[in-house]
Amino acid sequence: GELYDRGGVLLATNTVEYEIGMSPALIYDREGTAQTLARITGKPYEDLLADINSQLPYILIQRPAPAAMGQALLAEELDGVVIAPIMRRYYPHASLAAHALGFVSYEGIGYYGVEGYYDTLLAGKVEVSDQSRIPFDFRDDSPPDRGSTLYLTLDSEVQYLVEASLAQAIADTGSQGGSILVMKPRTGEIIALASAPTYDPN
């Protein structure tokens with residue numbers, strides 16, 4: 001699922017990256033495959049050719065790889081080259097509200113903040129279905145569970161101002177870190193939550 005602030009600004013979503021690897025024993029055009037991999041991945045041709053000529057059953061080339069790279073390799077349909085999609089969490093505003101949001105690991109598990117607390121709601125379910133070859137066979141066309149979408153009480157504009165103010169205060173005082181909480185006292189709604197040092201959950 002996706003995370004939005006109170007005004008509908010996207011704070012976290014899912015994107016696709018790829019794991020690129022190869023099984024050398026299944027590669028027949030070794031030089032041509034090495035040339036194509038070098039052109040698309042930017043890795044040295046000689047290193048790739050040496051990997052292709054090795055006796056290892058599987059060699060990881062790159063993980064994660066950008067979507068454009070994975071899709072370009074998929075279009076080449078190279079024998080023995082494996083391009084597997086990886087779902088990855090993406091935070092379009094980088095470190096903004098990082099401590100409040102938390103993060104998601106490459107294994108798809110949420111840690112800390114909203115991501116950790118609501119992990120089971122946000123994660124959805126992975127479904128694998130078999131394609132039937134029987135005409136008129138019953139098929140479950142129900143949409144997959146993509147996880148819940150959550151709207152937070154955070155205001156991204158206030159959050160940005162609070163983080164900038166905190167960074168300035170730390171610089172002015174020479175402090176090691178600090179925190180600022182902006183809350184509506186009557187409702188308990190958290191409008192902004194900033195802590196430093198911070199991190200980029202991407």
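Colleague: Before we look around, what does partly exposed stand for, going by relative accessible area?

Modeller: Happy to start there, and please keep in mind that this is a predicted model. Buried means under 20% relative accessible area and exposed means over 50%. Partly exposed is what lies in between.

Colleague: Thanks! Is Tyr111 buried, partly exposed or exposed?

Modeller: Its relative accessible area is 35%. Buried needs a value under 20% and exposed one over 50%, so Tyr111 is partly exposed.

Colleague: And which class does Tyr112 belong to?

Modeller: Tyr112 pairs with Tyr111 in a tilted arrangement, 6.4 Å centre to centre with 45° between the planes. For Tyr112 the relative accessible area is 61%. Exposed begins over 50%, so Tyr112 is exposed.

Colleague: How is the aromatic pair of Phe103 and Tyr199 arranged: stacked, tilted or edge-to-face?

Modeller: The whole structure holds 6 aromatic pairs, by a search. In the pair of Phe103 and Tyr199, the centres are 6.3 Å apart and the planes make an angle of 85°. Planes over 60 degrees apart count as edge-to-face, so this pair is edge-to-face.

Colleague: How many residues apart in sequence are the parts that this pair ties together?

Modeller: Phe103 sits in strand 5 (residues 103-104). Tyr199 belongs to the segment after strand 9 (190-196). The pair therefore ties together parts whose separation in sequence is 96 residues.

Colleague: Which residues form one aromatic cluster?

Modeller: We have already met the members in their pairs. Phe103 is partly exposed at 25% relative accessible area, and Tyr199 is partly exposed at 28%. The cluster is formed by Phe103, Tyr111, Tyr112 and Tyr199.

Colleague: Let's turn to the interior. Which helix gives the largest share of the largest nonpolar core?

Modeller: This core has 19 residues, and Ile20, Met22, Leu37, Leu48, Ile61, Leu73 and Val81 touch the most other members. Strand 2 (10-22), helix 1 (30-41), helix 2 (45-52), strand 3 (59-65), helix 3 (67-76) and strand 4 (81-90) each supply at least two of its residues. The largest share, 4 residues, is from helix 1.

Colleague: How many residues does the second, separate core have?

Modeller: Among its members are Ala100, Leu101, Leu150 and Leu152. The size of this second core is 12 residues.

Colleague: Finally, what percentage of the residues in the protein chain is buried?

Modeller: The chain has 7 helices and 9 strands, and it exposes about 12800 Å². Of its 202 residues, the buried portion comes to 32%.

How values were computed: Residues numbered from 1 in each chain as written. Predicted model: local features only at pLDDT ≥ 70, side-chain atom pairs only at ≥ 80, totals over all residues. Heavy atoms only, no water. Core = buried A, V, L, I, M, F, W, Y, C linked by side-chain atoms within 4.5 Å. Buried < 20%, exposed > 50% of the residue type's maximum accessible area, 1.4 Å probe, protein only. Areas by Shrake-Rupley, 256 points an atom, 1.4 Å probe, with all protein chains shown as cover. Phe/Tyr/Trp six-rings, centres within 6.5 Å; stacked < 30°, edge-to-face > 60°.
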